[in-house]
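Trainee: Could you take a close look at one helix for me and talk me through it? I'd like the whole picture in one go.

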Amino acid sequence: MDQENKINELVEKKALWYEKTFKKTVSRFPERKKEFKTSYGKVVDPVYTPADVKDIDYAKDIGFPGEYPYTRGVQPTMYRGRFWTMRQYAGFASAEESNKRYRYLLEQGQTGLSVAFDLPTQIGYDSDDEMSEGEVGKVGVAIDSLKDMEILFDSIPLDKVSVSMTINSTSAILLSMLMAVGEKQGVRHDQLRGTIQNDILKEYIARGTYVFPPDPSMRVIVDIFEYGSKNLPKFNLISISGYHIREAGANAVQEVAFTIADGIAYVEAAIKAGLDPNVFGTNLSFFFNAHNNFIEEISKFRAARKIWAKVMKERFHVTNEEALKLKFHTQTAGSTLTAQQPMNNIIRVTMQALSAVLGGTQSLHTNSFDEALGLPTQESATIALRTQQIIAYESGVTDTVDPFAGSYLIEHLTKDIEEKAMEYIKKIDDMGGMVRAVETGYVQKEILNSAYEAQLRIEKKEDVIVGMNEFTTEKGSKPTPILKVDTSVEEKQKSKIKELKEIRDNNLVSEKLSSLKLAAASKENIMPFIYEAVKAYATLGEITNVLREVFGEFRESVIL
Amino acid sequence: MITLVENHPDSAWKIIETLKKNTLRDAPTVGFTGSPGAGKSTLVSAYVSMMAAKNQKIGVIAVDPSSPFTMGAFLGDRIRMRDISESENVYIRSVASRGSVGGLCDAIYDIVDVMKAFGFDKIIIETVGAGQSEIEIVYVADTVLLVMSPDSGDEIQMFKAGIMEIADGYVVNKIDLPQANAFSVKLRNTLALENDVKSKRKVFEVSASKNLGVEELEKWIEEFYSDMSSSGEIFKRHERRLKRRVRSNLMRVMDDIISSQEVGKNSLREFKSLIVKKYIQQEACDD
Amino acid sequence: MEKRIRVVVGKPGLDGHDRGSKVVARALRDAGMEVIYTGIRQTPEEIVNTVLQEDADILGLSILSGAHMKLCQKIIKLMKEKEINVPIFLGGIIPADDIPELKKMGVNEVFGPGTSFEDIIKRVKEIVLGTAV
């Protein structure tokens, strides 16, 4: 009662302050804008007070780190115990060159690997396929067979280094390859640590490297969950991603909502197939974007953790605490970096990275300043890594857990984002779930609308991008050196494939591929069959083509 | 060719006359209409696919609305027909409505004629969408199918008048959805309550994306057309089309003239006779 | 009647990042053009076929994967074979060094990251209508 009175008094006092002090100043010195808004359109007040958090109960809504609802973090010690994994996404051209870059980054203090594959590899085409022409090795490393994978991890101990692979439609194949390489190194499957992205829904929504239609794709994912939760307990079998959704133009609320909705769809599919969420739930991980609005982003991460914990507990009745925890990797927002005055991007990335750290991320990739120009050079990749190290060792923010908790604005925003995201999730539930929502194009449309509005704001200079629409410099500034991928990679890969097909046991390969086809057409788990095919040195394209025959190919049909 | 007739409606007839000298036959035209989201494009794709596989040459005209404010248009049907767009036997043309109100575009008759002159076996037209007034398709096509989807709320209610009256057949798409059967039943009941003519029309249950029921539909369209030919119904429709076309042409010319004339202090009668005079002048010039 | 500019916008090759092409397609539509959007994973053959059937006034390509040289080469070659003479504009991640060669190949304009809608619309109208607007 007394508390309520105090709050009411405060509300009155704020109104008074607003009418007198605030308005007086504004009449002489107007504010920069009529309204200040978050990325999702919420109007931000000039000042926040305890009254704005009066409905938040510390014990219930915020809690302690490492305890439900995990708003403050999934571990009790967070960075006091161990820093987040500094995991820079890298990979280009051939396995040999990428291996060199990985070893360099590990020497420089990077603590985990993140593999970037080229588009043919992501979409299941060998380097000698017609569809791969011009694309081999351009946006990532070209992997055509286990042979390439062995070169990729040469001298990299898989029992010590965790490996994250950004691979989706063909993740079963790459995961099998990783297991096979580990085996050759003497590393048991249950020792392997890492992540496969394996999130097909966001491919349909925002990224485009899908191969098969939604239903068979979901089946493959569930197969991977089943196989992996038994054989690869330390491995994250999915990285449910919001990063790309945000990059495609979504706002912060949509990023959280659609990602969680994707997560719900995967958990439902797995449960339907008979798996126990208390078991596979611990192999799930997430991937978010660290965008510009510093305070909004910190609040967003906290809201995401809370929502997921509640979803797993209340909706799926999960009792294993480990399975309630939203563990996530973050990448700073590539789409915010400019081609003009590229050095400015170092500052942008720093702020974005800081928001992810204050948001409690488990793993982080910082973009290089030449993001808008090409793949990172060694120099720019090093600066990006140093950015993380400086935040970790020199800023002091890692000395306590969730330092911004209690800020009236942060707690208020955390709650607001949670509520707005839940509204979207309910809407999607009413549509019949995320798969349905994606099939009808609802999600894509929402995202495109946000993207268009954002672009219009930039064009009208309502949103200022320093160096791009404001504070520009005339042409004639020194050109930035960029990384060029040698076009000979394609030729080299083609000859490698030819050679491989001559020395391997082609009968064995045929046999394994036939078994795979049968398994795919039935209800059997295809993972063991893919593993066998991979060990026989069947190529990625050969394996994917078998699956294409059985599952069919997806063709985008929507949306604008 | 099509661009020419689209952009130069006054000379269109001359162009078509020249082309017509080369063809002997009049290709059947089938129209697909229905609300956005009903799956028209997917259905057209499945339907055309079937015919293209039998080596028939098919022309598809996909109409999308132009913005009334900017006159720009987003022509997004082609992307939904990827399966057929690669076939050598299929020609797809995306057309913007350019302010036309009947659900198609002003130049549609001319475009269809150009296509016929090029010797297609069949011409398929997909309209903007259906409401009370988007009924132009009925004049342009020989056979009209209304495509409906069970997940679009109270469609049957919306369609009571207008296109529901004039479609030759009804296609319930997405028959794999759980609520599809109930929808189909409701539709048949509604039709049964309506007048005799309507209630005799065929209702088809299909899933365009899963290619279910499309073969049946294709057969029926063939049969329906040959029935019309033998019963003479087809001539009635051609006559109706010609009248409509003349009217449409007249209206367009009139609109042009009206908008270019100054009203000044003319009374209603004076203004009308001024317009008629101008029209006769114009016709004389054209000859 | 003001001539309606017909634009084909598409993404050749394997790159699936379509935010830019979708947003530009919308902007062109809002500027009064008729936009045929072909989506991602288009082969050069598909794109040229579309340009031909739709009698496009101009073709817009978006490529972020670094495969632009090869893809543009193929598309331009196919257009020459079919005797189509349609101007091309390109967007995406295109290193400045490659632009002169692309233009020599036959690409009319390259729009880098950060180009405004206004500039794109203006330039497209210029190229198609042949006059400075």
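Mentor: Here is a walk along one helix of chain A, helix α18. Bear in mind that this is a predicted model, where local features need pLDDT of at least 70, side-chain atom pairs count only at pLDDT 80 or more, and totals for chains, interfaces and linings use all residues. Residues are numbered from 1 along each chain as its sequence is written, chains are lettered from A and ligands numbered from 1 in the order in which they are written, and side-chain values use heavy atoms, with hydrogens and water left out.

Helix α18 of chain A covers residues 488–503 (helices are DSSP runs of H or I, at least four residues, numbered from the N terminus). Its 16 residues should span 22 Å, at 1.5 Å a residue (the expected span is 1.5 Å times one less than the number of residues), and the end C-alpha atoms lie 23 Å apart, which agrees. Now for what is tucked in: A:Val489, A:Glu490, A:Gln493, A:Ile497 and A:Leu500 are the buried residues of α18(A) (buried means under 20% relative accessible area, exposed over 50%, partly exposed in between, with a 1.4 Å probe and protein chains only). Looking down the axis of α18(A), these buried residues fall within an arc of 95°, so they line one face of the helix (the arc is that of the directions from the helix axis to the C-beta atoms). What they pack against is α5 (146–152) of chain A (contact means heavy atoms within 4.5 Å). Flip to the face of α18(A) turned away from the buried side, and you meet the exposed A:Lys498, A:Glu499, A:Glu502 and A:Ile503.

For a buried residue elsewhere, try C:Gln53, which sits in helix α2 (residues 44–54) of chain C. C:Gln53 counts as buried because its relative accessibility is 6%. The side chain of C:Gln53 reaches the backbone oxygen of B:Val90 at 3.3 Å.

Technical notes:
Helices (H or I, at least four residues) and strands (E, at least two) are DSSP runs, numbered from the N terminus. A polar contact is a pair of N or O atoms within 3.5 Å; within protein, one must be able to donate a hydrogen and the other to accept it, and residues adjacent in sequence count only if both atoms are side-chain atoms.
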